[in-house]
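Please look through the structure below at your own pace, beginning with the bound metals and then turning to the other ligand and the backbone.

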Amino acid sequence: AKESGRGRCAEFDPAMDARAREHARLAADLSVAVERGEIHLRYQPIVALPSGDLAGLEALIRWNHPVRGPVSPAEFIPVAEKTGLIVGLGAWVLRESCRQAAAWIDRYGDRAPGKMSVNVSARQLIEPDFPATVEAALRESGLPAERLTVEITETAVFGGGPALEAVQAMRALGVRVALDDFGTGHSSLGLLRTCPVDVLKVDKSFVDGVPHSVEQEAIVTSVNEIGTAMRLQVIAEGVETATQAERLHVLGYRYAQGFHFDRPLTAQECEERVAGSPVP
Ligand code: C2E
Ligand code: CA
Ligand code: CA
Ligand code: CA
C-alpha cells in the first residue's frame with residue numbers, strides 16, 4: 001500500500017516532474033556533448049609512498065556545458081547510466097585515455113606515467129561488446145594491455161553473471177582490474193573470493209578516519225594486510241593531509257591518491273609533473 005501510495009504521488013508531484021524534465025534536458029545535451037567537444041579528461045596521479053613518485057594516473061571525465069559551465073560527474077554519470085549514454089561515453093573515455101597514455105609512453109619512455117586507470121560503470125561492463133571495445137582501444141592506441149586498469153565497483157560484480165565474465169575477459173586480455181571504493185559494498189570480503197582482481201582502492205570514507213579513529217585505522221590496516229597477502233596492489237583513496245599520508249605509510253601502505261598529492265590534472269599539467277619543470 002505504501003508503494004502504490006508513493007507511485008500515485010509521483011504522477012502528480014510537480015517537483016518530481018521538474019526533476020524528470022531536468023534529467024531529460026541533461027541527457028539530450030549529453031548525447032551531443034562528445035561531438036561538440038565539451039567532454040575532456042583529467043588525470044589524477046596515483047603515487048608511491050613515501051616518495052610521492054608517480055605510480056599511475058586515473059582518468060576522470062569532465063563536461064564543460066556551454067550554458068551551465070562545468071557539470072560534475074556525480075551529476076551526469078548517473079544520468080548517462082540510466083539512459084544508456086554511458087556506453088558510448090565510456091567507449092570514448094577508453095579510447096582517449098589509451099591514446100593519451102600511449103602518446104606519453106612514446107614521448108617520455110621510462111619516465112612516462114606507467115599505468116592508466118579508467119572508471120567503468122556496471123552498465124558498460126554488462127554490454128556484450130565491452131571486451132571488444134577495450135580490445136579496440138588498446139589496438140588503435142598501441143597501448144600494451146598491462147598498462148591499462150579498469151576500475152569497477154563492488155556492486156557491479158556482486159551478482160556475478162555477465163559482469164563477472166567481463167572481469168575474467170579483462171584479465172584474459174592482460175588488462176588489470178581494480179575494485180573501486182573498496183569496503184563500501186555489501187560483501188567486500190566475499191567478493192575477494194569470487195572476483196579475481198589486481199588492485200584494491202580503499203574508499204575515502206575509511207581513509208578519512210586516519211589517524212584519529214581507532215576503528216577506521218583497524219579497517220584500513222586489515223584491508224592492506226589482506227590485499228598484500230593476496231598480492232594485490234592496495235591504494236588509499238582521498239588522502240588530503242600530510243599527517244594522513246605519513247600515518248598510512250606507517251600502517252604499511254605503499255600507494256595513495258588524493259588532493260594532498262595532486263588534484264585531477266590537465267594533460268598539460270601531467271606533462272609538467274613528468275618533466276619536473278614546465279614544458280615549453
Ligand atoms: P571515483 O572513481 O571514486 O573517483 C574519485 C573522485 O574523488 C573524483 O571525483 C576525484 O576528483 C575525487 N577525489 C580525489 N582525491 C580526493 C581527495 O583527496 N578529496 C576529495 N574530497 N575528493 C577527491 P570526480 O572526478 O568528481 O568523479 C566522481 C565519480 O564519477 C568517480 O568517483 C567515478 O565514480 C565517476 N567517474 C568519473 N569519471 C568517470 C568515467 O570516465 N566513467 C565513469 N563510468 N565514471 C566516472
Ligand atoms: Ca575510480
Ligand atoms: Ca573511488
Ligand atoms: Ca566514488
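**Metals, ligand and backbone**

In this predicted model, the calcium ion (ligand 3) has as its protein donors Asp180 (OD), Asp181 (OD), Glu237 (OE) and Glu237 (OE), which lie 2.3 to 2.5 Å from it; donors are N, O and S atoms within 2.8 Å of the metal, or within 3.2 Å for Na, K and Ca, and since water is not among the atoms, sites may look incomplete. Along the sequence, the donor residues of this calcium ion (ligand 3) follow the spacing D-D-x55-E. The pair Asp180 and Glu237 links distant parts of the chain, 57 residues apart, with Asp180 in strand 6 (residues 176-182) and Glu237 in the loop between strand 8 (233-236) and helix 12 (242-250). Helices (H or I, at least four residues) and strands (E, at least two) are DSSP runs, numbered from the N terminus. Asp180 is buried, with a relative accessible area of 8%, and Glu237 counts as buried too, at 11% relative accessibility; buried means under 20% relative accessible area, exposed means over 50%, and partly exposed is in between, with a 1.4 Å probe and protein chains only.

As to conventions, residues are numbered from 1 along each chain as its sequence is written, while chains are lettered from A and ligands numbered from 1 in the order in which they are written. Local features need pLDDT of at least 70 and side-chain atom pairs count only at pLDDT 80 or more, whereas totals for chains, interfaces and linings use all residues, and side-chain values use heavy atoms, with hydrogens and water left out.

Which residues coordinate the calcium ion (ligand 2)? Its donors are Glu58 (OE), Asn119 (OD1), Glu151 (OE) and Asp180 (OD), at 2.2 to 2.3 Å, and in sequence these donor residues are spaced E-x60-N-x31-E-x28-D. Because Asn119 lies in strand 4 (residues 116-119) and Asp180 in strand 6, this pair ties together parts that are 61 residues apart in sequence. Asn119 counts as partly exposed, at 28% relative accessibility. The calcium ion (ligand 2) and the calcium ion (ligand 3) are 4.0 Å apart, and Asp180 coordinates both.

The calcium ion (ligand 4) is coordinated by Asp181 (OD) and Asp181 (OD), at 2.9 to 3.0 Å, and 6.0 Å separate this ion from the calcium ion (ligand 2). Asp181 belongs to strand 6 and is partly exposed, with a relative accessibility of 29%. Its backbone also deserves a look, for Asp181 has a positive phi of about 50° although it is not a glycine. Most residues other than glycine have a negative phi, and most peptide bonds are trans.

From the metals we turn to ligand 1, which is surrounded by 22 residues, the closest being Arg62, Asn119, Ser121, Glu240 and Phe259; a residue is near a molecule if one of its heavy atoms lies within 4 Å of it. Strand 2 (54-65), helix 3 (73-83), helix 4 (85-108) and strand 6 each supply at least two residues of this shell, and strand 2 gives the most, with four residues. A polar side-chain atom of Gln44 lies 3.1 Å from a nitrogen atom of ligand 1, a polar side-chain atom of Arg62 lies 2.9 Å from an oxygen atom of ligand 1, and an N or O atom in the side chain of Asn119 is 3.0 Å from an oxygen atom of ligand 1. The protein covers 77% of the 800 Å² of accessible area that ligand 1 has on its own.

Two peptide bonds and one further residue complete the walk along the backbone. The peptide bond from Leu49 to Pro50 is cis, with omega near 0°, and Pro50 is placed in the loop between strand 1 (39-48) and strand 2. A cis peptide bond likewise joins Val210 and Pro211, where omega is about 5°, and Pro211 is found in the loop between helix 10 (204-207) and helix 11 (214-229). Arg231, in the loop between helix 11 and strand 8, has a positive phi of about 60° although it is not a glycine, and Arg231 is exposed, with a relative accessible area of 77%.

Key
Polar contact = N/O pair within 3.5 Å; in protein donor to acceptor, adjacent residues only side chain to side chain. Areas by Shrake-Rupley, 256 points an atom, 1.4 Å probe, with all protein chains shown as cover.
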